[in-house]
Amino acid sequence: MEFSTNDINEAKRRVREMQERARSFSENQEGQEEKNENKAENQRESGADSSFGISDIIGDLTGGEDSSKGLILALILILSKEKADNILILALLYILL
């Protein structure tokens, strides 16, 4: 089977288009990672404020009757430490409500 010049040019155009998509996707991913790192750094700097809220939540959850809330909170903490998907973490937080 032989390919015409038009077929070859079309294939080249598609390759360039896919490379551009991949390039823009990887740049967006890198930008998102930088935002997450900056956010984590800002949270570390204001650690006193955030630790107060977390200790209150932990105290409320571990002292209560329902130990599953404490388990969900521990899962959230582990997933956030491992940089899991934010949608998953938000869904678990919603369950806590």
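How many residues apart are Arg14 and Glu10 in helix 1, and by about how many helical turns are they separated? They sit four residues apart, so about one helical turn lies between them. Keep that spacing in mind, as it comes back below. One caveat up front: this is a predicted model.

**The overall picture**

The chain has four helices and zero strands, so the pattern along the sequence is simply α-α-α-α. Buried residues account for 9% of the 97 residues. The accessible surface of the chain is about 8,600 Å², and carbon and sulfur atoms own 55% of that.

**Charge pairs on helix 1**

Side chains of opposite charge can pair when their charged atoms come close. The count here comes to five salt bridges. Three of them are listed below, each with the distance between the closest N and O atoms.

| Basic residue | Acidic residue | Closest N–O distance |
|---|---|---|
| Arg13 | Glu10 | 2.4 Å |
| Arg14 | Glu10 | 3.3 Å |
| Arg21 | Glu17 | 3.1 Å |

Glu10 pairs with Arg13 and also with Arg14. Arg13 and Glu10 are both in helix 1, which spans residues 5–45, and they are three residues apart, about one turn of the helix. Arg21 and Glu17 are four residues apart in helix 1, so they too are separated by about one helical turn. Put together, Glu10, Arg13, Arg14, Glu17 and Arg21 are linked in a network of salt bridges.

How open are these residues? Arg14 is exposed at 51% relative accessible area. Arg13 counts as partly exposed at 38%, Glu17 is partly exposed at 34%, and Glu10 is partly exposed at 29%.

**The core between helices 3 and 4**

Now to the other end of the chain. The largest nonpolar core has seven residues: Ile72, Leu73, Ile76, Leu79, Ile89, Leu92 and Leu96. Helix 3 (67–81) and helix 4 each supply at least two of them, and helix 3 gives the most, with four residues.

From helix 4 (residues 86–96), the buried residues are Ile89, Leu92 and Leu96. They cover an arc of only 60 degrees around the axis, which is why they end up on the same side of helix 4.

Ile89 is worth a closer look. Its relative accessibility is 11%, and because buried means under 20%, Ile89 counts as buried. Leaving out residues up to four places away in sequence, Ile89 touches Ile76, Leu79, Ser80 and Ala84. Ile89 and Ile76 are 13 residues apart along the chain, yet their C-alpha atoms are separated by 5.9 Å. With the same sequence neighbours left out, Leu92 touches Ile72, Leu75, Ile76 and Leu79.

**The loop, and the other face**

Lys83 is found in the loop between helix 3 and helix 4. Its phi is near 55 degrees, a positive value in a residue other than glycine. Lys83 is also exposed, with a relative accessible area of 69%.

Which exposed residues does helix 4 carry on the face turned away from its buried side? They are Ile87, Leu90, Tyr94 and Ile95. Ile87 and Leu90 join Leu93 to make a nonpolar surface patch of about 300 Å². Leu93 is in helix 4 as well, and is partly exposed at 37% relative accessible area.

Terms used. Residues are numbered from 1 along each chain as its sequence is written. This is a predicted model: local features need pLDDT of at least 70, side-chain atom pairs count only at pLDDT 80 or more; totals for chains, interfaces and linings use all residues. Side-chain values use heavy atoms; hydrogens and water are left out. Buried means under 20% relative accessible area, exposed over 50%, partly exposed in between (1.4 Å probe, protein chains only). Helices (H or I, at least four residues) and strands (E, at least two) are DSSP runs, numbered from the N terminus. The arc is that of the directions from the helix axis to the C-beta atoms. Patches are made of residues with over 30% relative accessible area and no salt bridge: like charges are joined within 9 Å, nonpolar side chains (Val, Leu, Ile, Met, Phe, Trp, Tyr) within 5 Å. Accessible areas come from the Shrake-Rupley method with a 1.4 Å probe; for residues, only the protein chains shown count as cover. A salt bridge is a side-chain nitrogen of Lys or Arg within 4 Å of a carboxyl oxygen of Asp or Glu. A nonpolar core is a set of buried Ala, Val, Leu, Ile, Met, Phe, Trp, Tyr and Cys residues joined through side-chain atoms within 4.5 Å. Contact means heavy atoms within 4.5 Å.
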